[in-house]
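Visitor: I should like to learn how to read the features of a model such as this one. Might we go through them one at a time?

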Amino acid sequence: MLVLRLLNVVAPAYFLCISLVTFVLQIFLFIPSMFRDPSTTSLLSPALLHGALFLFLSANALGNYVLVIQSSPEDLGKGLNLGEGAEVVADWLAGSRSPGSVLPSTHFCRLCARVTQRHDHHCFFTGNCIGSRNMRNFIMFCLYTSLACLDSLVAGMAYISVVLSMSFANPLAFFTLLPHSISQFFSGALLSSEMFVILMLYLWLGIGLACAGFCCHQMLLILRGQTRYQVRKGMVVRARPWRENLQEVFGKRWLLGLLIPVLNVGNDYHRQKEK
Ligand SMILES: [Zn+2]
C-alpha cells in the first residue's frame with residue numbers, strides 16, 4: 001500500500017516533469033531551429049504551423065488532465081444519500097465487508113479513500129479514479145498526450161538530423177542511433193544537450209505508443225459498454241447498441257470535446273444530477 005501511495009505522488013510529478021521538458025525543448029530548441037531554414041519566410045511557414053500544432057496538442061493534453069482531476073468520480077459515501085448504503089460504505093472503510101459485494105458496479109478505492117459508481121480504474125498519472133464522470137476527458141488526455149509525444153518525436157528527429165548531419169530515411173537509423181550516440185558521448189564527440197534530446201526521442205516514442213495503445217483499448221471497452229473493473233471482476237455487461245455506449249461516455253457535446261478541453265455535461269451522470 002505504501003508503494004502504491006508513493007507511486008500516486010511520483011507518477012504525476014513524472015508526468016509534469018516530462019511535459020515541462022518537452023515544452024522547453026519544443027519552444028526554445030526545435031521551433032527556433034526550423035526558423036533558421038531560409039525557406040521559412042512566409043506567414044504559413046512550416047515552423048509556425050508546427051508551433052501552432054504543438055500548442056494545440058499540449059493545451060488539449062494539459063486541459064483534459066486538469067479536467068480529469070477536477071471532475072473525479074463523486075464519493076457515494078458523502079455525495080449521495082444512500083440510506084443503508086452509507087452504512088455499507090462505512091463497513092467498507094472499516095474493512096469488514098468486501099467491496100462490490102452489496103452494490104454492484106461500485107468500488108472502494110483505497111488510494112482515493114472513496115466509493116465510486118461505475119468505476120473503471122485508478123490512474124496513477126492523474127492520482128485519481130476514472131469513472132463515467134471523467135472518462136471522456138481521460139480518453140482525450142491519452143489521445144492528445146500520444147499525439148504531442150509523436151509530434152515531439154518527429155520535431156526532435158528533424159533537429160537531430162540537422163545537428164548531426166544524418167538521415168532517418170533508413171528506418172534502422174533510428175534504432176542504431178542510441179548505441180551509436182552512447183559510444184560517441186563517452187568518447188566526447190557528442191554534446192550532453194544532443195545526447196539528452198536523443199534519449200528524449202526514445203521516451204517520446206515509448207509514451208506515445210503506450211498512450212495510443214491504452215486509448216484504443218479503452219475505446220474498445222467503451223464500445224462494448226464495459227469498464228476495466230467489470231472485465232477484471234468478470235462481471236456480466238448489459239447488452240446495448242454501441243452508439244448508446246458511446247453517447248453515455250462522450251455526451252452530447254462530443255465534437256466540441258474532441259477539439260477543446262471541456263467538461264462532459266451531456267452524459268448520464270449529469271442528466272441524473274439535473275433531475
Ligand atoms: Zn482511486
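Guide: Let us begin with burial: a residue counts as buried when its relative accessible area is under 20%, as exposed when it is over 50%, and as partly exposed in between. Please bear in mind that the model is predicted. By this criterion, Cys-112 and Cys-129 are both buried.

Visitor: Which atoms coordinate the zinc ion?

Guide: Three cysteines and a histidine supply the donors: SG of Cys-109, Cys-112 and Cys-129, together with ND1 of His-122, at 2.1 to 2.3 Å. Read along the chain, their spacing is C-x2-C-x9-H-x6-C. Cys-112 sits in the loop between strands S1 (106–109) and S2 (114–117), whereas Cys-129 belongs to strand S4 (128–131), so this pair ties together parts 17 residues apart in sequence.

Visitor: Why is the arrangement around the zinc ion tetrahedral?

Guide: The ideal angle for four tetrahedral donors is 109.5 degrees. Four donors count as tetrahedral if all angles lie between 85 and 135 degrees. Here the donor atoms subtend angles of 101 to 127°, and the arrangement is therefore tetrahedral.

Visitor: How many aromatic pairs does the structure hold?

Guide: There are 14. To classify a pair, one inspects the angle between the ring planes, and over 60 degrees counts as edge-to-face. Phe-15 and Phe-141 have ring centres 5.3 Å apart and planes at 75°, so they form an edge-to-face pair. Phe-15 lies in helix H1 (residues 2–35) and Phe-141 in helix H5 (residues 135–163), so the contact ties together parts 126 residues apart in sequence. Both of these phenylalanines are buried. The pair of Phe-138 and Phe-214 is likewise edge-to-face, because the planes stand at 80°, with centres 5.8 Å apart. In this case helix H5 (Phe-138) is tied to helix H7 (residues 192–224, Phe-214), across 76 residues of sequence.

Visitor: Are Phe-138 and Phe-214 buried or partly exposed?

Guide: Phe-138 is buried, at 2% relative accessibility, while Phe-214 is partly exposed, at 28%. Ring pairs join Phe-138 and Phe-214 with Phe-15, Tyr-65 and Phe-141 into a cluster.

Visitor: How should one read a nonpolar core?

Guide: In soluble globular proteins, nonpolar side chains tend to be buried together. The largest core in this model has 21 residues, and those with the most contacts inside it include Leu-25, Phe-30 and Trp-204. H1, H5, helix H6 (172–186) and H7 each supply at least two of its residues, and H7 gives the most, with eight. Apart from sequence neighbours within four places, Phe-30 is in contact with several residues, among them Leu-25, Ser-152, Val-197 and Trp-204. A second, separate core has 19 residues, including Tyr-65 and Phe-138.

Visitor: How many salt bridges are found in the whole structure?

Guide: Side chains of opposite charge can pair when their charged atoms come close. The search finds two salt bridges. In one of them, Arg-228 pairs with Asp-120, with the closest N and O atoms 3.9 Å apart. This pair links helix H8 to strand S3 (residues 119–123), 108 residues apart, and both partners are buried. Arg-240 and Glu-248 also form a salt bridge, at 3.3 Å between the closest N and O atoms. Here Arg-240 counts as partly exposed because its relative accessibility is 24%, whereas Glu-248 is buried at 10%.

Technical notes. Residues are numbered from 1 along each chain as its sequence is written. This is a predicted model: local features need pLDDT of at least 70, side-chain atom pairs count only at pLDDT 80 or more; totals for chains, interfaces and linings use all residues. Side-chain values use heavy atoms; hydrogens and water are left out. Donors are N, O and S atoms within 2.8 Å of the metal (3.2 Å for Na, K and Ca); water is not among the atoms, so sites may look incomplete. Four donors count as tetrahedral if all angles lie between 85 and 135 degrees; four count as square planar and six as octahedral if opposite donors are over 155 degrees apart and all others between 65 and 115; anything else is irregular. Helices (H or I, at least four residues) and strands (E, at least two) are DSSP runs, numbered from the N terminus. Buried means under 20% relative accessible area, exposed over 50%, partly exposed in between (1.4 Å probe, protein chains only). Rings of Phe, Tyr and Trp (its six-membered ring) pair if their centres lie within 6.5 Å; planes under 30 degrees apart count as stacked, over 60 as edge-to-face and the rest as tilted. A nonpolar core is a set of buried Ala, Val, Leu, Ile, Met, Phe, Trp, Tyr and Cys residues joined through side-chain atoms within 4.5 Å. Contact means heavy atoms within 4.5 Å. A salt bridge is a side-chain nitrogen of Lys or Arg within 4 Å of a carboxyl oxygen of Asp or Glu.
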